[in-house]
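Student: May I ask for a close look at one part of this model? I should like to know how that part is built and where it belongs in the whole.

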Amino acid sequence: MRALKSVKQRYQPTPILTEMMEDFRLMTNDCIRIGLEFERTQDKKAGTLSMRKLSLLCYRQLKRYGRYSGYRLCAISKAAGILSARRKSIRRGFLTRSPYARKPVLSSCYGFRVEKGKLNIHIDSRAFESIPLNSHTLKILSDPEVSVRSFTLTKDSLSLCLSKEVKAIETKSATGIDRNLGNLTVGNTQQVAYYDMTSVVKFAENTRSVIRSFRRDDVRARQGIASKYGRRRGERVRQLLHHVSKDIVASAKANQQVIVFEEIRGIRNLYGKGNGQGSAYRSKMNSWPFGEIKRQIEYKAPWEGIPVITLSRSETKGTTMDCPRCGERLQVPVRGDAGHYRQLWCIRCRKWRDRDLVAVLNISRRGWVRFAHSMREEQGGAGEAVKGNAEHEGEPLILRVDASKPGRNSYPTKT
Ligand SMILES: [Zn+2]
């Protein structure tokens, strides 16, 4: 399978690059204008504006910029994307403004080459401009399997889209990921790791209190400071999540596991305004980046050949309430069950279990059932049942990991 990822670095644009980015922006806007004009004048029966049609309309007109021809195609393709997103919004009934590219940017899949530690890009058909690549970028590019698909320049960053042909690993079992407010629970019946995520919530609370303490009666100054602290919070959280996602992917690779997520789309709707919750509670619940950890794992895992699946809503029904061992409906603690905070009781097994543990065991088991089933179908429906995630006698080994310095094998504690 082909895996994609991107690498980003800072750089200092030369005057000619700044000029090119501005030209690319104008070219994109020209194409958008031509496309909109076409859609307005043609009747609906003529069909939608395809990339091909847009190229025929625009290509000649873009010649006057005198830039490398590949950039014309990329500007047209960018405009086509913007126009098709607009049509989609209109179809869904959203109000849309006329689209317009505001920031200077240059993005192209043609006319560049990486040579001697530099990215050389075309200016016109003959001249090149080179941008030095930093050691981090070069280290990633040193892998002979990696090829550069395209580059994107903005006023302060350069990003390269990379691809690599990877062989899918042979999987033996599944590991589930359950995303909670204070922790991230990862594992299956063999072993479960709790990543302590309270620091993420703490970052958010600190940021909120800092912003709140700012009293100057000037909206613009307040917004400026709020966005600065918000950005800083985002960077710190992302950094922490990168440690965790790297650790999870490494562990899945070592144990030959498929990674299973559950669909939690719509979780933000639970903590919206007007749901009868306080603003402190809502900000706490909304501060945990549920999507970001998934995004990171979803690109890191394929890069290592590890499959990732997401269980749909119907497949995850009852993951939090059914006993992972016997399937019995679990019971929440009632009065008199003191000391069983966030635990659930199974009547049949006569056992208390942590609710995050219950969820992750169910997710990993259901994920494995689905994954093994799809593998069997791919291999022509051989009748043999795929082993793995088999019922494991005894309780899983529990590891507690500090998210700010993970490395789950370094301090396992059996509880
Ligand atoms: Zn049970």
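Tutor: The answer begins with the whole chain, then turns to one small sheet, and ends with a helix and the cores.

Residues are numbered from 1 along each chain as its sequence is written. The model is predicted, and local features need pLDDT of at least 70, side-chain atom pairs count only at pLDDT 80 or more, and totals for chains, interfaces and linings use all residues.

The protein chain has nine helices and 15 strands (DSSP runs numbered from the N terminus: H or I of at least four residues for helices, E of at least two for strands). Its C-alpha trace spans about 80 × 65 × 55 Å along the principal axes. The chain is divided into domain 1 (1-165) and domain 2 (173-402), with bounds taken from an automatic or database domain assignment. The C-alpha centres of domain 1 and domain 2 lie 36 Å apart.

The sheet is the part to study closely. Three strands make up this open sheet, in the order S3-S4-S5, with antiparallel pairing; two strands pair if DSSP finds at least two bridges between them. Strand S3 (112-115) and strand S5 (128-132) are the edge strands, each pairing on one side only. From one strand to the next, the twist averages 25°, where axes are lines fitted to C-alpha atoms (for helices over the stretch in contact) and angles run from 0 to 180 degrees between N-to-C directions.

Consider each pairing in turn. S3 is joined to S4 by four bridges, and Arg 113 stands opposite Asn 120 in S4. These strands form a hairpin with two residues between them, and Lys 116 in the turn has a positive phi of about 50°. Strand S4 (residues 118-122) is in turn joined to S5 by five bridges, again antiparallel. There, His 122 has Phe 128 of S5 as its bridge partner. S4 and S5 also form a hairpin, with five residues between them.

A helix offers a useful companion to the sheet. The 23 residues of helix H3 (residues 69-91) should span 33 Å at 1.5 Å a residue, and the end C-alpha atoms are 33 Å apart, which agrees; the expected span is 1.5 Å times one less than the number of residues. Among the buried residues of H3 are Tyr 71, Arg 72, Cys 74 and Leu 83 (buried: 20 or more other C-beta atoms within 10 Å of its own; exposed: 12 or fewer; partly exposed: in between; C-beta atoms are placed from the backbone). Their cover includes helix H1 (15-41), helix H2 (51-58) and strand S2 (106-108). Just after H3, Gly 93 takes a positive phi of about 85°.

Finally, the cores. The largest nonpolar core has 41 residues, of which Tyr 195 and Ile 259 touch the most other members; such a core is a set of buried Ala, Val, Leu, Ile, Met, Phe, Trp, Tyr and Cys residues joined through C-beta atoms within 7 Å. Helix H9 (residues 355-378) gives this core its largest share, eight residues. A second, separate core of 27 residues includes Ala 75, which is one of the buried residues of H3.

Key: Contact = placed C-beta atoms within 7 Å.
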